[in-house]
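Let's take a friendly walk through a protein model together. Have the sequence and the 3D view ready, and pause at each stop to find the residues on your screen.

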Amino acid sequence: MADDLGDDWWSEEPAGEEKAEAQVESLTENEVHSPLKAQGRRDRKKRPHQETKKQISQAKKDESHNAHPDGEPKKKKRRKKKKMSEHLADAAQKPGTSEDLMALLHKQYQGKLSAIEMQELQLSDKSFLPSNSTSAPLSNYLKSCIPKWNNLVKKTKPVKPNACLLLLVTASAKRAVDLNRQGSEFKGQCVSAKLFAKHLKIQEQIKLLNKNGAHFAVGTPNRISALIQTDGLKVEETFYVILDWNWRDVKLRRMVDMPEVRQDLLELLRKHIIPATRNSEKLRIGLF
């Protein structure tokens with residue numbers, strides 16, 4: 001059988017065992033050197049970035065040291081935010097005015113009422129008594145604003161059923177009791193009533209007002225609104241509504257700073273007091 005002359009018959013391939021050994025040596029060398037080469041490449045890539053960070057950090061230290069040669073950099077002072085009690089304390093010396101009341105009503109109902117309804121909340125300066133700008137005690141303030149009170153009491157004896165000549169609105173039952181006591185000098189000999197919920201049932205208050213009415217009444221917004229809605233109290237017969245505006249509790253909150261009381265107060269004003277004031281020339285509002 002003739003040889004295939006197309007092959008390179010003179011080249012010799014390594015034997016099977018020698019070829020295998022050569023492949024093992026080549027693989028071993030690649031496994032050893034490849035991770036080292038890869039690690040070297042990663043090191044070369046990382047090194048400039050790390051050096052840049054070090055340079056930036058050192059530059060900041062040098063800059064800080066140059067700005068403060070003693071080596072103690074000046075700490076930045078954080079601006080402290082005032083607490084709510086501090087804000088209220090700052091405003092404690094500012095007595096309330098009719099403009100404050102109108103601004104509060106506008107803020108509360110803007111966007112919730114129509115343009116016509118918002119217009120109906122507006123009151124002129126004639127609808128207000130002078131504000132308690134001197135922080136006078138209750139009796140002194142009322143005497144200065146209502147100098148003919150005794151004459152009014154004499155003319156209205158007995159008081160019409162469900163009527164109240166002067167209505168004093170405050171934040172709580174305890175405050176109402178204190179104000180009723182503080183107003184003794186101003187009230188004189190007149191019929192007075194306490195219109196709040198603590199220890200007093202609304203049915204008993206309605207019965208009292210139906211029988212005698214009152215010259216002077218002090219109460220909370222929620223209970224006064226409930227009495228008006230049940231016809232136990234008629235503000236059409238009222239001459240003066242005094243808001244205990246400037247008094248603050250132990251947390252320095254005014255009546256209008258207490259969310260639950262503020263809502264009741266503004267609803268009382270919107271639904272009952274302001275409409276009665278607009279429809280009557282005799283009813284006036286005071287901020288004590």
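Our walk begins at Gly219, a residue of strand β3, which covers residues 214-219. Keep in mind from the start that this is a predicted model. Is Gly219 buried or exposed? Its relative accessible area is 0%, so Gly219 is buried. Setting aside residues up to four places away in sequence, Gly219 touches Leu168, Val169, Thr170, Leu195 and Ile224. Thr170 is a good one to look up: 49 residues separate it from Gly219 along the chain, yet their C-alpha atoms are 6.1 Å apart.

**The whole chain**

Now zoom out. The chain has eleven helices and five strands. Of its 288 residues, 35% count as buried. Contacts between residues 24 or more positions apart make up 76% of those with a separation of 6 or more.

How confident is the predictor? The mean pLDDT of the chain is 80, and 68% of the residues reach at least 70. Among the elements, β4 has the highest mean, 97, while helix α1 (residues 16-67) has the lowest, 52. Two stretches call for caution. Over residues 1-14 the pLDDT stays under 50, and the model gives them one contact beyond four places in sequence. Residues 27-33 also have a pLDDT below 50, with one contact beyond near neighbours in sequence.

**The nonpolar cores**

Next, look at Leu195, which we met as a contact of Gly219. The largest nonpolar core holds 43 residues, and Leu195 is among those that touch the most other members, along with Leu101, Leu167, Leu233 and Leu243. Helix α11 provides the largest share of this core, eight residues. Apart from this core lies another, of 23 residues, including Ala176, Leu179, Tyr240 and Ile242.

What does Leu195 touch, leaving aside neighbours within four places in sequence? Its contacts include Leu167, Gln205, Leu209, Ala217, Val218, Thr220, Ile224 and Leu233.

**Helix α3 and its buried face**

Leu101, another of the well-connected core residues, sits among the buried residues of helix α3. This helix runs over residues 98-109, twelve residues in total, and spans 17 Å from its first C-alpha to its last, close to the expected 16 Å. Which of its residues are buried? They are Ser98, Leu101, Met102, Leu104, Leu105, Gln108 and Tyr109. Looking down the axis of α3, these buried residues fall within an arc of 160°, so they line one face of the helix. Their cover includes α4 (115-119), β4 (240-243), α11 (259-279) and β5 (284-287). After α3 comes Gly111, with a positive phi near 90°.

**A stop in a loop**

Ser127 is in the loop between α4 and α5. With a relative accessibility of 11%, Ser127 counts as buried. Beyond its neighbours within four places in sequence, Ser127 is in contact with Thr277, Leu283, Arg284 and Ile285.

**Salt bridges**

Side chains of opposite charge can pair when their charged atoms come close. How many salt bridges does a search of the whole structure find? The search finds ten. Here are three of them.

| Salt bridge | N to O distance |
|---|---|
| Arg175 and Asp244 | 2.7 Å |
| Arg248 and Asp257 | 3.9 Å |
| Glu267 and Lys271 | 3.3 Å |

The Arg175 and Asp244 pair links distant parts of the chain: Arg175 belongs to helix α7 (residues 173-182), and Asp244 to the loop between β4 and α11, 69 residues apart. Both partners are buried. In the pair with Asp257, Arg248 is buried too, at a relative accessible area of 15%.

The Glu267 and Lys271 pair lies within helix α11, where the two are four residues apart, about one turn of the helix. Glu267 counts as buried, at 18% relative accessibility, whereas Lys271 is partly exposed, at 44%. Elsewhere, Lys174, Asp178 and Arg181 are joined into one network by salt bridges that share partners.

**Looking back**

Try tracing the walk once more on your screen. Start at the buried Gly219, move to its contact Leu195, go on to Leu101 in the largest core, and finish at the salt bridge of Arg175 and Asp244.

Definitions and conventions. Residues numbered from 1 in each chain as written. Heavy atoms only, no water. Expected span 1.5 Å × (residues − 1). Buried < 20%, exposed > 50% of the residue type's maximum accessible area, 1.4 Å probe, protein only. Arc of directions from axis to C-beta. Contact = heavy atoms within 4.5 Å. pLDDT = per-residue confidence, 0-100. Salt bridge = Lys/Arg side-chain N within 4 Å of Asp/Glu carboxyl O. Core = buried A, V, L, I, M, F, W, Y, C linked by side-chain atoms within 4.5 Å.
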